[in-house]
Amino acid sequence: MSCVHFSDELKKNYNAKHYFLEVNLGHLKQFDEDAESKLRTYPGKFLPAFEEAARTVADELTAPRPEGEEEMKDIQISLTLDEYPTSIRRVKSAQVSQVVKISGIIVAASQVRAKATKITLQCRTCRHTISDQVLKPGLEGFQLPRSCRAPQSGQLQRCPVDPYHIVPDKCHCVDYQTLKLQENPEDVPHGEMPRHLQLYCDRYLTDKVAPGNRVTLVGVFSIKKLFQKSKGNKDKTLTGIRTPYLRVLGIHVETGGPGRAEFRQFTPDEERNFKSVT
């Protein structure tokens with residue numbers, strides 16, 4: 001598939017105020033095999049660069065923009081794969097931080113909430129400000145600086161430990177949603193319970209599915225710290241434990257397969273034939 005197709009698709013989506021672009025990794029491999037290999041192996045490093053490149057191209061394609069819309073929006077890259085999907089239990093620890101394709105059934109979906117991608121920090125004592133602190137995508141938390149980064153010499157009062165707080169009005173946020181994926185029944189060995197995996201979706205991938213949908217997902221297999229909800233009775237055995245989740249980069253809802261009827265559009269001639277039969 002030529003680059004002209006993706007340019008036209010990007011321009012059409014941007015003009016329709018849909019700031020995303022769907023890219024098949026097979027097409028990227030035909031264009032540049034090395035770039036496709038690096039994107040699959042190191043998505044955390046190369047996907048932001050891919051989205052920044054798409055933003056630059058969209059800026060060139062849509063210029064000049066109407067008054068009031070001069071500021072460029074961020075572009076989200078949604079990935080698809082032509083490979084056969086694997087089940088949850090076949091994904092191993094060696095694939096952490098790599099792109100994988102998994103199939104299953106959505107069994108739970110949270111409400112869409114806001115998550116900060118850039119934050120501004122301010123010291124409570126000396127008002128020192130750290131602007132545009134970028135947060136990593138996914139369910140990994142962010143550790144605030146334990147000490148003030150402003151020079152402490154010449155101050156009447158030294159800044160205490162944990163001095164920074166987040167300035168809400170100067171944060172940039174996106175929508176995100178967490179889902180719960182369960183193995184397909186045909187993938188569960190006899191006598192075993194189906195396994196589950198938490199999913200993280202953001203921006204245009206939110207509100208795509210509902211519980212009960214069979215889906216095929218492309219995403220980054222990631223890990224996060226296991227936080228304890230209760231402050232009392234801390235269990236030290238959970239220290240250092242990491243739990244897996246999938247940062248979704250592409251969603252396809254299955255309409256065919258076991259228990260599903262393939263949806264198709266009927267032509268006007270076929271509809272007339274149906275009416276004549278009845």
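Reader: Why is the sulfur of C159 not bonded to the closest cysteine sulfur, and how far away is that sulfur?
Author: This is a predicted model, and in it the cysteine sulfur closest to that of C159 belongs to C123. A disulfide needs the two sulfur atoms within 2.5 Å. The C159 sulfur is too far from its partner for a bond, because the gap to C123 is 3.7 Å.

Reader: How many disulfides does the structure hold, then, and which cysteine sulfur is nearest to C126?
Author: The count of disulfides is zero. C126 is in no disulfide either, with 3.6 Å between its sulfur and the nearest cysteine sulfur. That neighbour is C148.

Reader: Is C159 buried or exposed?
Author: The cut-off for buried is under 20% relative accessible area. C159 therefore counts as buried, as its value is 14%.

Reader: What about C126: how accessible is that one?
Author: Partly exposed covers the range between 20% and 50%. C126 falls in the partly exposed class, because its relative accessibility is 26%.

Reader: Which residue in the turn between β4 and β5 has a positive phi?
Author: Strands β4 (residues 113-123) and β5 (residues 129-134) run antiparallel and are joined by four bridges. Q122 sits opposite T129 of β5. The two strands make a hairpin with five residues between them, and the turn residue with a phi of about 65° is R127.

Reader: What kind of aromatic pair do Y14 and Y19 make?
Author: There are three aromatic pairs in the structure. In the one formed by Y14 and Y19, the ring centres are 4.9 Å apart. Both residues are buried, Y14 at 7% and Y19 at 15%. Planes over 60 degrees apart count as edge-to-face, and these lie at 65°, so the pair is edge-to-face.

Definitions and conventions:
Residues numbered from 1 in each chain as written. Predicted model: local features only at pLDDT ≥ 70, side-chain atom pairs only at ≥ 80, totals over all residues. Heavy atoms only, no water. Pairing = 2+ DSSP bridges. Buried < 20%, exposed > 50% of the residue type's maximum accessible area, 1.4 Å probe, protein only. Phe/Tyr/Trp six-rings, centres within 6.5 Å; stacked < 30°, edge-to-face > 60°.
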